[in-house]
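Notebook open, model loaded. I want to go through the sheet, the rings and the charged pairs, and jot down what I find.

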Amino acid sequence: MSSTDSTANTVPARAGAVSPHRVSPHRVFAAVDIGASSGRVMLGRVSGTEGASLETVHRFPNGVVELDGGLRWDFDALFTEVLAGLAAAAAIAASNGEHITSIGIDTWAVDYGLVNDDGDLTSAPYSYRDERSRATVERVHAAIPPEKLYATTGLQYLQFNTVYQLAAEPSLDGVQALLIPDLIAFLLTGERRTEATNASTTGLFDAVAGEWATEFLDALGFPRNTFPPIIQPGETVGTLLPAILERTGLPADTTVVAVGSHDTASAVAAVPVQSSGPQSSGPESSGAAGPEAFAYISSGTWSLVGVELLHPVLTEASRKANFTNERGVDGTIRYLRNVGGLWLLSECQRSWAAAGFSQSLTALLDAATALPAGGPQINADDPVFTAPDNMPERIRAAVRNTGAVLADRPAAVVRCIMDSLAAGYARTLADAQRLAGRNVDVVHIVGGGSQNRLLCQLTADATGKPVVAGPVEATALGNVLVQARAAGVVDGGLPELRELVAAGTQLECYEPAGALQSSRS
């Protein structure tokens, strides 16, 4: 089977479809969307009658660097790129006679910068890929037992969660921790806030109360003002500082609006749920925020695999299964587990390129698709794959540890990654349904992985459920639509925002192997 021989059906974009929830004319918004390996600034145009469109105006690389004895983010370079992107957005909008209403910022989670009382960043922020927090886990758990930590925060255990990183700091006196999107917003506006969806990834956020877990701050000896106050998606952070206006050329009334600043929260907000979809048949069907009983996979560097609920699942069984309860837009719960992602593939490509092997991703995936099913697999979310470098050999070593052998050919390694990711998705979705007490009928894959036809088909086969792939730009769409709703361009809740996405997106549907093809329309 080639990469094009799948049971995929194209669902055309329903251009021109009009929703009664689209209430105002065309407005323009800027989305700053940064991942662990790259970032971009996009212009989003949202109309009361034509839906949303995106235009990329600036792309830039991102990555960790060895600095001051650790793996850190080159934040000065990152912020310079953000300003360059905003300047490009301002220039393009002005050339079209358009006015940028607001800016929304989303990035990865858990990492932060320490800002002192003078508003200065004390050092380059550490990356979650640094190993420093490994040594603090036992100390944190001695102060707050894991069972108690989970019963309050509902957060999946990952050794790089913010709580463990903060425990590695020599001192938190006289500084505040600003999560990366909040740090960017602070440098743009001078206002210190913590957006709720990212706050929920720290391990210091009360999943039920929606506030900081101050008793945990006290137990760990952290100041109660370690973080700024919490702000919700759709609320205004502030207006741009004069120096930012001068550097970017943006209008003086441009605001920064909080969106789902954890990029997965913005991506899930833009899952194109079908309004005519079936209702959940599980006992917790009222927990679904949309009318379709769906699961989601936000597929990129990491894979975030789960379901959307109205209330957290804080049981001991959920903790032992290492599921997380993170905030979504409109107070929803993203009940999910982090699974290994396309980081494995991109790191392999980097290693092969360094060794002189150059082959396009399309060619690699075609070669992998041609290999027979049933090959060796790895645990794609094993921490051994977190750090960069030598990924092909680490994958082969992991296979050897299972008693199997993986050929040296890149195609074999790629097929192993794809099979392993799909199997991990299936296990995680089965666990999510069992622990949350609800059933799903369709799996939506959004983000970069939605373009990977082999991965989408293998996921349909492994889960036994249809997979709807797209949009690729779900994160930016979710970012822009939350801003548009705050500006009054659209109204309604998540179902209405998702109708806009579904109406303007070309989707691909992959049926499980052996299942009858359907035409989701």
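**Arg319 and its partner**

I began with Arg319, which counts as partly exposed because its relative accessibility is 22%, and the cut-off for buried is under 20%. This is a predicted model, so I keep that in mind for everything below.

What does the side chain of Arg319 meet in a salt bridge? I looked, and the partner is Glu147, at 3.7 Å from N to O. I then checked where the two sit: Arg319 is in helix α10 and Glu147 in helix α3 (residues 146–153), so the pair links distant parts of the chain, 172 residues apart. Glu147 is partly exposed too, with a relative accessible area of 41%.

**More salt bridges**

I had the salt bridges counted, and the total comes to 22. I picked out a group towards higher residue numbers.

Glu393 and Arg400 form one of them, with the closest N and O atoms 2.8 Å apart. Glu393 is partly exposed at a relative accessible area of 35%, and Arg400 is partly exposed at 46%.

Next I looked up Arg396, whose side chain meets that of Asp408 in a salt bridge at 3.4 Å, N to O. Arg396 belongs to helix α13 (residues 391–401), while Asp408 is in the loop between α13 and α14 (410–436), 12 residues away. Buried or exposed: which is Arg396, and at what relative accessibility? Arg396 counts as buried, at 14%. Asp408 goes the other way and counts as exposed, at 59%.

I then put these residues together: Glu393, Arg396, Arg400 and Asp408 are linked in a network of salt bridges.

**The sheet**

I traced the sheet strand by strand. It is open, has 6 strands in the order β4-β3-β2-β7-β13-β12, and its pairing is mixed. The edges are β4 (51–61) and β12 (236–239), each pairing on one side only. From one strand to the next the twist averages 25°.

I spent some time on β7 (residues 100–106). How many of its 7 residues are buried? I get 7 of 7, so strand β7 is mostly covered. β7 runs parallel to β2 (residues 27–34), and 5 bridges join the two. Within that pairing, Ala30 stands opposite Ile103 in β7. Towards β13 (residues 255–257), β7 is again in a parallel pairing, with 2 bridges. There I noted Ser102, whose bridge partner in β13 is Thr255.

β2 also pairs with β3 (residues 38–47), this time in the antiparallel sense and over 8 bridges. As one register mark I wrote down Arg27, with Val46 as its bridge partner in β3.

I also checked what packs on this part of the sheet. Helix α1 (residues 75–95) lies across β2, β3, β4 and β7, and runs at about 135° to β4.

**Aromatic rings**

I listed the ring pairs next; the structure holds 11 aromatic pairs. Trp73 and Trp108 make a tilted one, 4.4 Å centre to centre with 45° between the planes. The pair links distant parts of the chain: Trp73 is in strand β6 (residues 70–73) and Trp108 is in the loop between β7 and β8 (112–116), 35 residues apart. I looked up burial for both: Trp73 counts as buried because its relative accessibility is 2%, and Trp108 is buried with a relative accessible area of 6%.

I then moved to Phe323 and Tyr335, which form a stacked pair, 5.0 Å centre to centre and 20° between the planes. Phe323 lies in the loop between α10 (316–320) and β16 (324–327), Tyr335 is in strand β17 (residues 333–340), and they are 12 residues apart. Phe323 is buried, with a relative accessible area of 0%. Tyr335 counts as buried at 0% relative accessibility.

Which residues do ring pairs link into a cluster? I find Trp73, Trp108, Tyr128, Phe160 and Trp302.

**Charges over a ring**

Last, I looked at Tyr126. Arg72 lies over the face of Tyr126, at 3.9 Å from the ring centre. Arg132 lies over the face of Tyr126 as well, at 3.8 Å from the ring centre.

Note on methods. Residues are numbered from 1 along each chain as its sequence is written. This is a predicted model: local features need pLDDT of at least 70, side-chain atom pairs count only at pLDDT 80 or more; totals for chains, interfaces and linings use all residues. Side-chain values use heavy atoms; hydrogens and water are left out. Buried means under 20% relative accessible area, exposed over 50%, partly exposed in between (1.4 Å probe, protein chains only). Helices (H or I, at least four residues) and strands (E, at least two) are DSSP runs, numbered from the N terminus. Two strands pair if DSSP finds at least two bridges between them. Rings of Phe, Tyr and Trp (its six-membered ring) pair if their centres lie within 6.5 Å; planes under 30 degrees apart count as stacked, over 60 as edge-to-face and the rest as tilted. A charge sits over a ring if NZ of Lys or CZ of Arg is within 6 Å of the ring centre and within 35 degrees of the ring normal. A salt bridge is a side-chain nitrogen of Lys or Arg within 4 Å of a carboxyl oxygen of Asp or Glu. Axes are lines fitted to C-alpha atoms, for helices over the stretch in contact, and angles run from 0 to 180 degrees between N-to-C directions. Contact means heavy atoms within 4.5 Å.
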